Amino acid sequence: MPQDTITITDNRTGQTYTLPIENGTIRAMDLRKIKTGADDFGLMTYDPAFMNTASCRSAITYIDGDKGILRYRGYPIEVLAEHSSFLEVAYLLLFGELPTASELKNWVNEITHHTMLHETTKKFMEGFRYNAHPMAMLVSTVSALSTVYPDAKNIHDPASRLLQIKRLIGKMPSIAAMSYRHNVGFPYVYPDNDLTYTENFMNMLWKIVEPKYAANPVIARALDILFILHADHEQNCSTNTMRAVGSSHADPYLATASAASALSGPLHGGANEEVLRMLDEIGSKDNVPAYIKKIKEGKGKLMGFGHRVYKNYDPRAKIIKWAADSVFEVTGRNTKLEIAMELERIALEDDYFAQRRLYPNVDFYSGIMYQAMGFKPEMFTVLFAIPRTVGWLSQWQELLTDPEQKIARPRQVWIGHETRAFVPIEKRTPVVAATR
Ligand code: SDX
């Protein structure tokens, strides 16, 4: 009997089946052989929320949740955060290798020359209410780019894919900054190609009337590190969305907008904004024990805690805490940091959280850091979407070049009615009673 196999006995029929084990998985389609008779459809797996289902084979990002390991293309996140720039990491995620000096110089030049937005985008942006949420503006505007670049539909053309990828990476900060300036009623600031990726983003956000924006280098570096930490995270909810939409061969602007929509949810990328709301609600260190008690009674979740994969400390949270110290030296520490540290201290000592393996995740400290940098909570998920665009596009490319992939179309377990006879309207009983 070959070693890498599993033998299943179907007790309904006494039949046994030997299935191959590959990369720690069995193929779901192999289960379809397990039938009770010729008319039987065969077995499926039932896995709501895909808790234990691999949807693809990937070489981009590796996570070990128990060991708190995160690697991009084999490089530990800690090393990349310390030694690389965000665009260097973007190159690594997209092309699989760290760039040489000349490759990086050319790549930065390419991205820098894709930061401009079509002038009609301003009119599009001005259509939003003054208090429109920046994430909703970003999702809508990214979708609208699909109308500006109809050539993006050529998803089988590698050159067209690369052009759209450069456009999206270059334009995300411009769209994000525009949505912020719209929110605060300031005029839009055009990109400044003399600046680095993050310095230019800060320029488009915060330049007022000075002739040339001068970015604080500590803030710029901290933002670059945050972008590196948020660039990709294997098959998370928004990446799964990118792959699902990409699998129908929709263009990359619409797929990216769909992924950003998924990211906006409070259980995913929207959590950093919710962390700030939670800290505001707690109000002071003294109120932390009462808040923890409320969570333990099942009244809400500790935002910024817990993770589907990390059942140990999220390695990104550690790096963010380290980067936050450099930011707070410039901006000064605020009470929210004290509340967050007290919350973390108490939670990590409490069995309720330890039993559920709940530790701070990437969103727990990032929100406090963003706020210290001068961002409003509504912008936090936008700051997540900018770098994660690189991850979504890397995964999108991998999907389109994977010969095993086709349009994503899961099955279901039927729990509804069997065939029913039609009921003439005069003989129907009111449905409302049933829904009260
Ligand atoms: C991101 O997937 C990724 O990689 C995502 C991400 C990325 O980079 O793309 O890492 C980014 O989304 C980070 C997660 C940000 N979300 C939050 O911080 C929101 C708060 N966290 C949770 O909602 C939750 O922890 C999730 C959604 C992150 C994970 O949920 P799971 O894996 O589905 O776990 P679960 O909901 O089944 O929880 C297991 C138990 C439950 O308790 P019991 O019902 O068994 O008693 O833990 C409890 C949950 O109620 N629980 C929490 C909790 N998270 C889970 N209880 C209190 N506070 C929490 N934060």
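Helix 10 is mostly covered in this predicted model. Of its 12 residues, 9 are buried. The helix runs from residue 252 to residue 263. From first C-alpha to last, helix 10 reaches 16 Å. That span is close to the 16 Å expected at 1.5 Å a residue.

The buried set opens with P252 and Y253. A255, T256 and A257 are also buried. A259, A260, A262 and L263 complete the list. The cover over these residues includes four helices. Helix 5 (134–148) and helix 6 (158–184) are among them. Helix 9 (237–246) and helix 17 (380–400) also contribute. An α-helix has 3.6 residues a turn, so residues three or four places apart point the same way.

The N-terminal end of helix 10 is capped by D251. A side-chain oxygen of D251 lies 2.7 Å from the backbone nitrogen of Y253.

N236 sits in the loop between helix 8 (217–229) and helix 9. Between N236 and A262 of helix 10 there are 9.8 Å, C-alpha to C-alpha. In sequence, these two residues are 26 residues apart. N236 has a relative accessible area of 12%. The cut-off for buried is under 20%, so N236 counts as buried. Leaving aside residues up to four places away in sequence, N236 touches H268 and R388. The side chain of N236 also reaches the backbone oxygen of H233, at 3.3 Å.

The partners of N236 lead to the ligand. H233 and R388 are among the residues that come nearest to the ligand. H307, R308 and R316 belong to that group too. The full shell around the ligand holds 22 residues. By class, 9 of the shell residues are nonpolar, 7 are polar and 6 are charged.

Polar contacts to ligand oxygen atoms involve several side chains. H268, which touches N236, places a polar side-chain atom 2.9 Å from an oxygen atom of the ligand. For R308, the corresponding distance to a ligand oxygen is 2.8 Å. An N or O atom in the side chain of R316 lies 2.7 Å from an oxygen atom of the ligand. Taken alone, the ligand exposes 1100 Å². The protein buries 74% of that area.

Note on methods
Residues numbered from 1 in each chain as written. Predicted model: local features only at pLDDT ≥ 70, side-chain atom pairs only at ≥ 80, totals over all residues. Heavy atoms only, no water. Helix = DSSP H or I, 4+ residues; strand = E, 2+ residues; numbered from the N terminus. Expected span 1.5 Å × (residues − 1). Buried < 20%, exposed > 50% of the residue type's maximum accessible area, 1.4 Å probe, protein only. Contact = heavy atoms within 4.5 Å. Polar contact = N/O pair within 3.5 Å; in protein donor to acceptor, adjacent residues only side chain to side chain. Near = heavy atom within 4 Å. Areas by Shrake-Rupley, 256 points an atom, 1.4 Å probe, with all protein chains shown as cover. Nonpolar A, V, L, I, M, F, W, Y, C, P; charged D, E, K, R; others polar.
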